[in-house]
Amino acid sequence: MALQVSGKTIETDEEGYLADRNQWSMEAAAAIAVSEGINITESHWEVVNFLREYYEEYQIAPAVRVLTKAIGKKLGPDKGNSKYLYELFPYGPAKQACKIAGLPKPTGCV
Amino acid sequence: MLHIVNKSPFERNSLESCLKHAVKGSAILLIEDGIYAALKGTQATARVQAAMQDYTVYVLQADVDARGMKGRVLEGVKPVDYAGFVDLATNHNAVQSWL
Amino acid sequence: MKFGILINEGPYTHQASDTAFQFVKAALAKGHQIQRVFFYNDGVNNATKLTDPPQDDRNIVNRWSELAKEHKLDLVVCVAAALRRGIREDNLAAGFRISGLGQLIETGIQADRLVTFGD
Amino acid sequence: MSEEMSESGVVKKFMYVNRKAPYGTIYALESLEVVLIAAAFDQDVSLAFIDDGVYQVAKGQDTKSIGVKNFSSTYRALDDYDINKLYVQKESMEARGLTDKDFLVPVEIKTAAELSALMEQQDVLLSF
C-alpha cells in the first residue's frame, strides 16, 4: 500500500503502518488519519505528539494503561482515561494512534 | 529450590554463579554439558566436592552416558533419569535454570 | 502437578529442545499435566514445518507435533519472536499456534512449576 | 503497546534473572520485552542483573555505529509500568569495575547472599 502526501508517494505495510518511520511528517500523519476514517483535531495531535515524545525518550510505545496514566498527568484527568482515548481512536489508541504517530506496529503480545 | 546447570564449568560461569546464589540445602541438577562438572579428576572436582557439603548434587545420567563419561561420576553425586528430573522439579517449590 | 515449559533455543544447535522433549514425555508418563509449552527467543525455530533433517536423525519438529496430537499439548510460539525470525502461519508445523507473550506470563501464573530450557 | 488484559486475582512473585550482556546476543532485549508484557498482569515483578547482565543497565550505551536499536532507554520506562524492583548483584558489578553511579536507572545493589534470599521467595524465575 501507499499514501499520497504532498505529491509524494509513501510506502506503508498492508495494515497501513509506515514502511519507513523516517518518512513521518505531520502531513503523513494527517493522510494516515484520513485512511483510518479519523478527522484529525487538536485533541488527536496532543496524543500523537505525546506518543512520539514517549517513543523518542524510551524507544517503545507505552502500554495503554501507561499511556492513559501519563496523558492524565500531562494533560489533566479529563483526558487521562480510556473512554476519552477510545473516543479519539475508536479502534484502540494502541493501534490507531501509533499508526498515525508513525511508530512501529505494536507486536500485540498480550 | 531446584537449580539446573547445563553448561560445562570449563566454558562458562553458570555453575559458579549458581553456587554463589543457591542457599544451603538446595538441590543442583547437572544436565547437558553441565555434567562435566560432576566428574572425578578434573579441575572442577574440588569445587564440586566442596559444594556437596552444602547442596545435594544430581546428574542426568542420560547426558553422562551420551558423552562417554559413564564410570567417571564423582561419588556422592546422585544420578537421575528424566523421570527423576521430573520428581526433582515436583519436589522443589521453584526451578531456576542457570543458562 | 501442572508443568509449564519454556524453550528458548532452536532445534539442533542446542540440546534444549531435546531435553525439554524428554522431560515432557517423562512428566506425562508420570501422570502430570503439561499446562503449556512456550517457545521464545530462537526457540520459535522449533515450529517451522520447513525443517528437513537427514533421515537417520530425529525430526525435532515432527516429534513435538506428534506428542502434541497424542496428548493435546498446547504448543505456543511467541508472535514477536517468531516474526523476527520468519516464522509465520504459512510455515507453522502442525500442533503449534502463534500467540502473544502474555501466554508465557499466564503459564507462570497457572502452572505449578515453570521449567526453562535454553542456552 | 498492548491493549489491556486482566487476570484472575492470583499474584505470584516473578523474578527475571538477567545474566547476559546486551547486543552480543538478543537475550537482554527479549527479556525486557517479556517484562513489559508482564506488567499488564499485575504480578509482583522484580529484575535481577547478575554476571554480565549488569552491563544491560550500564549508562552511556550508544549503538549508532553498530546499527542496532538502543533499547537501554527502555529500562527508564519501567517505572511507568510500576516495575521498580531492579537489583544489581554487588560482586558482579565490582568484578566489572562498575559502581552504583554507572547505571542508567535507579537500582538496588544486593550482595549474592541478599539476592539468593530474595530468589528463594520467588514463585517463578525466568532466566535469559
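## Exercises on a predicted four-letter assembly: sheets, helices, chains

In chain D, strand β1 (residues 13-18) runs parallel to β5(D), and four bridges join the two. Keep in mind that this model is predicted.

**Exercise 1.** Work out the strand order of the open sheet in chain D, and find which strands stand at the edges.

*Solution.* Start from the β1(D)-β5(D) pair, where D:Met15 sits opposite D:Leu125 of β5(D). Now walk across the sheet: its five strands come in the order β4-β3-β2-β1-β5, with parallel pairing. The edges are β4 (108-110) and β5 (124-127) of chain D; each has a single partner strand, so one side of each has no neighbour in the sheet. On average, neighbouring strands here are turned by 25° against each other, ignoring direction.

**Exercise 2.** Which helices touch the strands of the chain D sheet, and at what angles do they run?

*Solution.* Take the helix from chain D to begin with. Helix α3 (residues 112-120) of chain D packs on the sheet and touches β1, β2 (44-49), β3 (86-89), β4 and β5 of that chain. Its direction makes about 100° with that of β4(D). Next, look over at chain C: its helix α4 (residues 102-110) lies across β1 and β5 of chain D, at about 125° to β1(D).

**Exercise 3.** Do the strand bookkeeping for chain B: what is the order, and which strands are at the edges?

*Solution.* The open sheet has five strands, ordered β4-β3-β2-β1-β5, and the pairing is parallel. At the edges you'll find β4 (78-80) and β5 (95-98) of chain B; with a single partner strand each, they therefore have one side left without a neighbour in the sheet. From one strand to the next, the twist averages 25°. For the β1-β5 pairing, strand β1 (residues 2-5) of chain B meets β5(B) in the parallel sense over four bridges, and B:Leu2 is opposite B:Val95.

**Exercise 4.** Describe how helices α2 and α5 of chain A cross, and which residues meet there.

*Solution.* Geometry comes before chemistry. The axes of α2 (residues 42-58) and α5 (residues 93-100) of chain A come within 9 Å and cross at roughly 80°. That makes α2(A) roughly perpendicular to α5(A). Now the side facing each partner: A:Val47, A:Val48 and A:Leu51 of α2(A) meet A:Ala97, A:Cys98 and A:Ile100 of α5(A). Sorted by class, this contact has six nonpolar residues, no polar and no charged ones.

**Exercise 5.** Which chains share the most contacts, and how far apart are the closest C-alpha atoms of chains A and B?

*Solution.* Five pairs of chains are in contact, and chains A and D share the most contacts. Chains A and B have no contact between them; their closest C-alpha atoms are 24 Å apart.

Methods. Residues numbered from 1 in each chain as written. Chains lettered and ligands numbered in written order. Predicted model: local features only at pLDDT ≥ 70, side-chain atom pairs only at ≥ 80, totals over all residues. Heavy atoms only, no water. Pairing = 2+ DSSP bridges. Axes fitted to C-alpha atoms, helices over the stretch in contact; angles between N-to-C directions. Parallel < 35°, antiparallel > 145°, perpendicular 65-115°, else oblique. Contact = heavy atoms within 4.5 Å. Nonpolar A, V, L, I, M, F, W, Y, C, P; charged D, E, K, R; others polar.
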